Structure formats: structure tokens, C-alpha cells
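Welcome! Here are some short exercises on how two chains meet and on a pair of cysteines, each with a worked solution.

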Amino acid sequence: MTTLKVINIGKQFSRYPVGRYRADGDSNGEKFREDVLRPLLVMRDDVVIEFDDALGYGSSFLEEAFGGLVRSGFKADDLLKRLTLNTADDSLKKEIISYIKEAKQ
Amino acid sequence: MATRKVRRWKYIRHQRVVERKRLKRKRLKVPKEKFLLASNLNEDVILAPEVFGLNPRHHQDVARFMEQVRKAVSSRERIVCLDFRPTQKMAAGATLLLYSELHRIKRLYPNAAIRCVPARNKVVGQILQHLQIYDLLGHDAQITPDRKDVISWRTATSGYIDGNAVGNIISQLALDDVRAKHLFRGATEAMVNAINHAYQESRNDGLVAFTEKKWWMFFRQHEDKLAVAVCDLGIGIPRSLPLKYASEVIQEAMSVLSVGYKATDSRLIQAAMELQRTRTSQVGRGRGLNDLRRIVDEVPGGILYIFSNKGLVQYEGGVFTRRNFRISLFGTVVLWIIPLGGEAE
């Protein structure tokens with residue numbers, strides 16, 4: 001595995017991420033997890049995610065993208081070590097961490 | 001003498017009947033003539049309410065008007081005429097309800113004969129023209145809306161979860177990052193709720209079945225306030241909640257709110273928010289309806305109203321208040337009033 005990869009959600013995925021499943025439009029949490037996040041986590045040791053260029057995030061999107069990683073087999077502790085969540089919004093960071101910690105495998 | 005006595009007795013009896021009817025109308029608090037279908041041979045004329053508002057003073061008038069429109073259209077026998085002459089004021093939530101219901105009716109009954117009598121009030125006329133409600137009702141109004149408080153109304157609608165439709169409008173509003181971020185979050189979660197939960201069963205509104213999942217949205221920026229409303233014409237939160245949670249779970253959530261276990265619509269709406277707050281750790285659950293209140297927590301002076309079927313839950317300054325109405329809206333309207341001045345926290 002190579003080392004580090006930075007992904008900017010607002011610039012590289014969607015400025016308006018919303019919804020949980022693929023049926024929920026074009027910029028949903030499942031799509032972000034399966035098409036962007038999971039391949040990066042398989043190929044890289046560490047992934048940096050930039051959040052602040054998107055307009056905002058609904059809880060459905062965040063829970064499915066990050067809680068969904070745990071449900072699909074990633075260990076919560078491992079994810080918390082390998083993911084760097086870059087945002088000026090502390091509450092957003094806490095929320096994502098809570099989705100990872102509280103999701104059940 | 002006997003004849004005079006009979007006449008007198010008949011007069012007294014008539015007066016009693018009149019008085020009983022008067023008291024009955026007073027109890028209903030809605031004068032009967034306000035909603036009178038002024039009918040002629042070919043058409044049903046339905047008088048629009050004086051104020052299109054969903055606050056407790058006007059909720060019943062609006063809900064009854066919408067009920068009358070649905071009933072008249074579904075009979076498909078005569079021309080339906082919406083008479084806007086009495087209307088003096090149009091607020092965001094109720095106007096969105098009218099807009100959504102008329103769009104839905106036109107989708108269901110494309111050949112329905114619906115027309116309107118235009119509003120006398122100039123501002124109301126401009127609103128109906130700007131929102132293309134006159135167009136929808138086949139009225140060719142020679143009005144060019146120019147008032148700032150009218151042309152600031154923006155609309156969005158879709159049949160799926162469309163972040164771009166909402167995001168593009170929010171990006172154009174003069175909002176700071178905090179307001180824009182939380183508004184996007186609230187508005188999109190209302191949209192997610194509409195698409196994923198509102199259309200699970202029939203609306204049971206007397207119209208033919210509507211198979212599309214749709215939401216409608218208004219943004220209105222005026223002076224130092226922004227009003228944002230999201231509407232769906234589905235089964236409402238009080239009916240969708242029992243489809244998602246077991247009855248014991250709902251009862252438990254309601255018992256936390258206040259004493260009493262009566263499942264009124266407003267208690268069910270608040271129970272839905274309570275359940276999504278406390279059960280986020282469960283598989284695949286987000287904060288859902290709780291996302292709606294985030295902007296009110298962050299922006300001092302903000303107010304959230306959730307009207308769903310017969311219930312209203314209002315959230316302001318960290319406090320919930322509930323109210324129930326007599327007539328159902330047959331759907332959900334989420335409305336935020338956000339002050340634009342001052343610092344968001």
C-alpha cells in the first residue's frame with residue numbers, strides 16, 4: 001500500500017452531497033463510500049478528507065458514508081487511525097466519529 | 001286570537017332555530033358563509049381565505065379551503081373556480097401548500113376545468129403571478145411583479161433527492177457560512193424525509209392515487225428575515241411513524257414528552273424527533289428530523305415549525321410547543337424563519 005491520499009469532497013465528489021442510498025440522487029453517502037472512500041482505503045494506508053468546500057452535509061449522507069464503512073467490514077478503531085477529517089467545524093468532526101464508533105458490524 | 005298565538009309561537013320557534021344556528025357557527029369559530037360554495041349551474045366557486053397562513057388563527061381556513069378544492073375537483077362534474085378576491089395576505093407556509101396542492105391536482109387531473117377570479121389585493125396578485133399560480137389556473141394576468149418582497153420568492157421542486165436544486169438556491173442567498181450550511185442540512189433532510197417516508201401509503205384524500213414522490217420548496221428573503229418552507233403531500237409524520245417503529249417504542253418516546261398517552265398528531269411529530277435523537281446508534285439511522293432544528297439552535301431568534309396532518313410542533317429558543325388543529329393538511333410543511341442579522345453561534 002502507498003501512504004497518503006487527500007480527497008476533497010466539495011471539489012472532487014459534490015458541492016451538495018445529500019441522501020443515503022444510490023436511489024437517493026447523484027451525490028449520496030453510499031456512492032461516496034463505495035466509489036470513492038472504500039477504494040482509497042483499500043489502496044492507501046491513510047486518507048485525508050477535506051470537508052469544507054461542500055455547502056453542508058445531511059446526517060443520512062454522513063452516517064451511510066462513514067457508519068456504512070464499519071457495517072461493511074472495516075474496524076472502527078482502524079478507521080479512526082487511518083482517516084484524517086479536515087474541517088473547521090468541530091461538531092461535524094465529532095458527528096462523523098460518533099457514526100464510526102456507534103455503527104455495528 | 002288563536003291565529004295570533006300560533007303566529008307568535010312560530011316566530012319564537014324560528015328565532016330559536018336562528019339563535020341555535022348562530023351559536024353553532026360561533027362554536028366552530030368559522031362563519032359558514034366564508035366557505036360557501038357560491039354555485040351556479042356550471043361551476044363551483046370556492047372563496048379563498050382572507051389570509052393564507054398556517055398560524056392558529058388561519059390554519060383552519062386554509063385547511064378547509066384546500067379540502068373544498070380537492071372535493072370539488074374530484075367530483076369532476078363542474079368547473080371549479082377559485083375566487084382570490086377576499087385574499088389580503090399570503091405567508092410562505094400556506095402559500096407553498098396551495099402551490100403544491102394545485103400542482104399535484106393538475107398532475108392528477110390534467111383535463112380538470114379549474115379557473116380563478118384574480119385577487120383584488122395588488123401584492124397578492126403579484127405573488128400569484130410570480131409563482132405562476134395564475135398560469136396554472138389558466139388566468140392570463142397582465143401583471144409584472146416588481147415588488148422586492150414578491151420577486152424574492154424562489155421555488156424548487158423535484159421527484160427525487162436533489163441536492164443541486166436546493167444547494168444552488170442557498171448558494172445564491174446572502175447567507176454566511178454557518179446559516180448556509182445548517183439551512184442546507186435542514187432543507188435536504190426535509191427532502192429526504194419526504195421522498196423516503198411520506199409516500200409509503202395512500203394519502204386517502206378522496207383524489208385518485210398519486211404515484212409520484214414529490215417535494216416542493218419555497219425560499220423568501222425579505223428585509224432581515226429568511227423564510228424557507230418544504231412541503232410534501234404524503235401521509236404525514238403521524239402516519240409514517242408507526243410504519244417505522246413498533247407501538248411500544250412510540251409510546252415510550254411520547255411518555256418522555258409529557259404526562260398523558262394520547263397519540264395526537266403533534267405528540268407523534270415530537271415523538272418522531274425524540275426517537276431519531278435517541279436512536280441514532282442503531283443500524284442505518286441518521287438524525288433525520290433532528291437535523292431540522294440545528295439551524296434554530298445555531299442562529300439566535302430562529303424558529304422552526306413542523307405542520308403535519310393535524311399537528312404543529314414549534315421549536316424556538318430550545319423549547320418545543322405543540323398544538324393540534326381540527327382539520328388535517330394531508331401532508332407536511334416544514335417552515336424555518338431565520339433572522340439574517342446578528343452572529344450565528
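Two residues are in contact here when they have heavy atoms within 4.5 Å. Keep in mind that this is a predicted model.

**Exercise 1.** Work out how many residues chain B and chain A bring to their contact.

*Solution.* Start with chain B, which supplies 27 residues, then turn to chain A, which supplies 24 residues. Next comes the area: the two chains bury about 2000 Å² between them, and 49% of it lies on carbon and sulfur atoms.

**Exercise 2.** Find the salt bridges and polar contacts between chain B and chain A.

*Solution.* First, the count of salt bridges between the chains is 3. One of them to look up joins the side chains of A:D89 and B:K181, with 2.5 Å from N to O. Then, 8 residue pairs are in polar contact across the interface, both residues at pLDDT 80 or more.

**Exercise 3.** Which helix of chain B gives the most to the side that touches chain A?

*Solution.* Both α7 (163-172) and α8 (177-198) of chain B supply at least two residues. Of chain B's elements, α8(B) gives the most, with 9 residues. By class, this side of chain B has 8 nonpolar, 12 polar and 7 charged residues.

**Exercise 4.** Decide whether B:C81 and B:C116 form a disulfide.

*Solution.* A disulfide needs cysteine sulfur atoms within 2.5 Å. The sulfur of B:C116 is the nearest cysteine sulfur to that of B:C81, yet 7.0 Å away, and B:C81 is in no disulfide. B:C116 is in no disulfide either. Over all chains, the search finds 0 disulfides. Finally, B:C81 is buried at 0% relative accessible area, and B:C116 is buried at 6%.

Methods. Residues are numbered from 1 along each chain as its sequence is written. Chains are lettered from A and ligands numbered from 1 in the order in which they are written. This is a predicted model: local features need pLDDT of at least 70, side-chain atom pairs count only at pLDDT 80 or more; totals for chains, interfaces and linings use all residues. Side-chain values use heavy atoms; hydrogens and water are left out. Buried area is the accessible area (1.4 Å probe) that two parts lose on being put together, summed over both. A salt bridge is a side-chain nitrogen of Lys or Arg within 4 Å of a carboxyl oxygen of Asp or Glu. A polar contact is a pair of N or O atoms within 3.5 Å; within protein, one must be able to donate a hydrogen and the other to accept it, and residues adjacent in sequence count only if both atoms are side-chain atoms. Helices (H or I, at least four residues) and strands (E, at least two) are DSSP runs, numbered from the N terminus. Ala, Val, Leu, Ile, Met, Phe, Trp, Tyr, Cys and Pro count as nonpolar, Asp, Glu, Lys and Arg as charged, and the others, Gly among them, as polar. Buried means under 20% relative accessible area, exposed over 50%, partly exposed in between (1.4 Å probe, protein chains only).
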